[in-house]
Amino acid sequence: MSADTAILICVLAPLVAALAVLAAGSRRKIAAGIATLAAAIGTAASLVIVAAVRGGEIPVIHLGNWPAPYGIAFAADGLSALMLA
């Protein structure tokens, strides 16, 4: 997995997990499993970002392929990677 994809996973994993936990309703074991899986996926993706930043790369992803003044750009530098992990 590339660091750019890992940034997107760190944003989407909690969002998708929140919707899945909401859909699980009163089934607590299923909701807990979904939350645990999302936390594990987010942690793995954040460690990929930390490794990339430690190697000197600054991963950037532009959502919607719009240029920076108009679209949303997510970037990870050293501080943000450590805070994410």
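**View 1. L19 and the nonpolar surface patch of helix α1.** In this predicted model, L19 counts as exposed because its relative accessible area is 54%, a value over the 50% that marks an exposed residue. The residue belongs to helix α1, which covers residues 3-24. Together with V11, L12, L15 and V16, L19 makes up a nonpolar surface patch of about 430 Å². An α-helix has 3.6 residues a turn, so residues three or four places apart point the same way.

**View 2. The protein chain as a whole, for orientation.** Three helices and two strands are present in the protein chain, and reading along the sequence gives the pattern α-α-β-β-α. The C-alpha trace spans about 45 × 30 × 20 Å along its principal axes. Of the 85 residues in the protein chain, 21% are buried. The chain exposes about 5,800 Å², of which 70% is supplied by carbon and sulfur atoms. Among contacts with a separation of 6 or more, 63% are accounted for by residues 24 or more positions apart.

**View 3. Helix α2 from end to end, with its buried residues.** Helix α2 takes in residues 28-54, and its 27 residues should span 39 Å at 1.5 Å a residue; the C-alpha atoms at its ends are 38 Å apart, which agrees with that expectation. The buried residues of α2 are A31, A38, A45, S46, I49, A52 and V53, and what covers them includes α1 as well as α3 (78-84). Just after α2, G56 adopts a positive phi of about 100°.

**View 4. The largest nonpolar core and the contacts of A76.** Which residues form the largest nonpolar core? This core has nine residues, namely A6, I7, C10, A45, I49, V53, I61, A76 and A81, with at least two of them supplied by each of α1 and α2. When its neighbours within four places in sequence are left aside, A76 is in contact with I7, I49, V53, I58 and P59. Of these partners, I7, I49 and V53 are themselves listed in the core.

**View 5. S46, a buried serine in helix α2.** S46 has its place in helix α2, and S46 counts as buried because its relative accessibility is 2%, whereas the limit for a buried residue is under 20%. What does S46 touch, leaving aside its neighbours within four places in sequence? The contacts of S46 are with C10, L84 and A85, and C10 is also one of the residues of the largest nonpolar core.

**View 6. Two partly exposed residues, A20 and G33, and their C-alpha separations.** A20 lies in helix α1 and counts as partly exposed because its relative accessibility is 26%. A20 and A35 stand 15 residues apart in sequence, and the distance between them in space, taken from C-alpha to C-alpha, is 8.8 Å. G33 is found in helix α2, and G33 is likewise partly exposed, with a relative accessible area of 38%. The C-alpha atom of G33 is separated by 13 Å from that of V16, the two residues being 17 residues apart along the chain; V16 is also one of the residues that make the nonpolar surface patch.

How values were computed:
Residues are numbered from 1 along each chain as its sequence is written. This is a predicted model: local features need pLDDT of at least 70, side-chain atom pairs count only at pLDDT 80 or more; totals for chains, interfaces and linings use all residues. Side-chain values use heavy atoms; hydrogens and water are left out. Patches are made of residues with over 30% relative accessible area and no salt bridge: like charges are joined within 9 Å, nonpolar side chains (Val, Leu, Ile, Met, Phe, Trp, Tyr) within 5 Å. Accessible areas come from the Shrake-Rupley method with a 1.4 Å probe; for residues, only the protein chains shown count as cover. A salt bridge is a side-chain nitrogen of Lys or Arg within 4 Å of a carboxyl oxygen of Asp or Glu. Helices (H or I, at least four residues) and strands (E, at least two) are DSSP runs, numbered from the N terminus. Buried means under 20% relative accessible area, exposed over 50%, partly exposed in between (1.4 Å probe, protein chains only). The expected span of a helix is 1.5 Å times one less than its number of residues. Contact means heavy atoms within 4.5 Å. A nonpolar core is a set of buried Ala, Val, Leu, Ile, Met, Phe, Trp, Tyr and Cys residues joined through side-chain atoms within 4.5 Å.
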